[in-house]
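Trainee: I'm new to this structure and would like a close look at one part of it, the place where the helices in the middle of the chain come together. Could you walk me through it slowly?

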Amino acid sequence: RCAAFESLRWARVGGEIVAALELRVGDEQPWVRAHTACCLAKHGNGSPRVREALREGRHSDDDRIREKCAEALGVLGDECGGSLADVLAALDDPSPKVVVQALASLVRLGPSGAAAVSRLLDLLDHKEPEVRRGVIYALRAMGPVAAPAAPALLHLLDRDADAFSQAAMTLASIGEAGRAAIPKVMRRLRDDPDLVPHVAIDALA
């Protein structure tokens, strides 16, 4: 049954299937409600019942269900109401996979996720590299509204060699607040033969 729900998430479905899924949002089984809501969200259904089921799913004991619900809430977009608040809540999940999915949702929200910047700064020190990368991508998607993160990203250029290229590109997307990165990028481009040149050049541009 889980595989069937997963296939429906990515398939093109007609009105009859959507109607059938809507009936299952109220199923007595919590995992059925969560999977059904994720399917409907993928197809643009952000009804109150769907959102309620997704929020309920975020508190599931199953990491996979919480991960899918975090993704679905981001897919719906903030214009459906309350999405950013839901995604922010998912950033506190104990599972790194759920946090990464919440960060991917912030990438989709882009500049409308500006309220998350202060929380993202805390996650720049997360023990999981995948989470730290997700934070950098989310900040980049926000563009200039992520300017308050510029000092932390500048510090990252000095202490995290693996994240240098992505942090530099994110500072470039921030704009004026990221200009202080130019001397650091120039120095790294000159001194580090392993740095991919086009990444540094793109950031400088």
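**A walk through the helices**

Mentor: Let's start with the whole chain: it has 13 helices and zero strands, where helices (H or I, at least four residues) and strands (E, at least two) are DSSP runs, numbered from the N terminus. This is a predicted model, so local features need pLDDT of at least 70 and side-chain atom pairs count only at pLDDT 80 or more, while totals for chains, interfaces and linings use all residues. Residues are numbered from 1 along each chain as its sequence is written, and side-chain values use heavy atoms, with hydrogens and water left out.

Of the 205 residues, 44% count as buried; buried means under 20% relative accessible area, exposed over 50%, and partly exposed in between (1.4 Å probe, protein chains only). The chain exposes about 10300 Å², and carbon and sulfur atoms supply 55% of that. Those areas come from the Shrake-Rupley method with a 1.4 Å probe, and for residues only the protein chains shown count as cover. As for contacts, meaning heavy atoms within 4.5 Å, take those between residues at least 6 apart in sequence: 59% of them join residues at least 24 apart.

Now for the inside. The largest nonpolar core has 38 residues, and those with the most contacts inside it are Leu103, Leu106, Leu120 and Leu139. A nonpolar core here is a set of buried Ala, Val, Leu, Ile, Met, Phe, Trp, Tyr and Cys residues joined through side-chain atoms within 4.5 Å. Two or more residues come from each of helix 6 (83-90), helix 7 (96-109), helix 8 (117-123), helix 9 (129-142), helix 10 (150-159) and helix 11. Helix 7 gives the most, with seven residues. Pick out Leu106 and leave aside its neighbours within four places in sequence: Leu106 touches Leu84, Val87, Leu91, Gly113, Ala116, Leu120 and Ala138. There is also a second, separate core of 13 residues, which includes Cys38, Leu40, Val50 and Ala53.

Next, look at helix 4 (48-57) and helix 5 (63-76). The two pack at an angle of about 140°, with their axes 8 Å apart. The axes are lines fitted to C-alpha atoms, for helices over the stretch in contact, and angles run from 0 to 180 degrees between N-to-C directions. Their crossing is left-handed, which is the label used if the near helix is turned anticlockwise from the far one by less than a right angle (right-handed if clockwise). Helix 4 brings Arg51, Leu54 and Gly57 to the contact, and helix 5 brings Ile65, Arg66, Cys69, Ala72, Leu73 and Leu76.

In the loop between these two helices you'll find Ser60. Its side chain reaches the backbone nitrogen of Asp62 at 2.9 Å. That is a polar contact, a pair of N or O atoms within 3.5 Å; within protein, one must be able to donate a hydrogen and the other to accept it, and residues adjacent in sequence count only if both atoms are side-chain atoms. Beyond its neighbours within four places in sequence, Ser60 is in contact with Ile65 and Arg66.

Arg66 turns up again at Asp93, since a polar contact of 2.6 Å joins their side chains. Asp93 sits in the loop between helix 6 and helix 7. Why does Asp93 count as buried? Because its relative accessibility is 14%. Apart from neighbours within four places in sequence, Asp93 is in contact with Arg58, Arg66, Val98 and Val99.

Still in helix 5, try Val75, which is partly exposed at 31% relative accessible area. Val75 and Arg108 are 33 residues apart along the chain, yet their C-alpha atoms are separated by 7.3 Å. Setting aside neighbours within four places in sequence, Val75 is in contact with Ala41, Lys42 and Arg108.

Finish with helix 9, home of Arg140, which is partly exposed at 25%. Across from Arg140, with neighbours within four places in sequence left aside, the contacts are Gln166, Met169, Thr170 and Ser173. The side chains of Arg140 and Thr170 make a polar contact of 3.5 Å. Thr170 is one of the buried residues of helix 11 (residues 164-174), along with Phe164, Ser165, Ala167, Ala168, Leu171 and Ile174. Just after helix 11, Gly175 takes a positive phi of about 95°.
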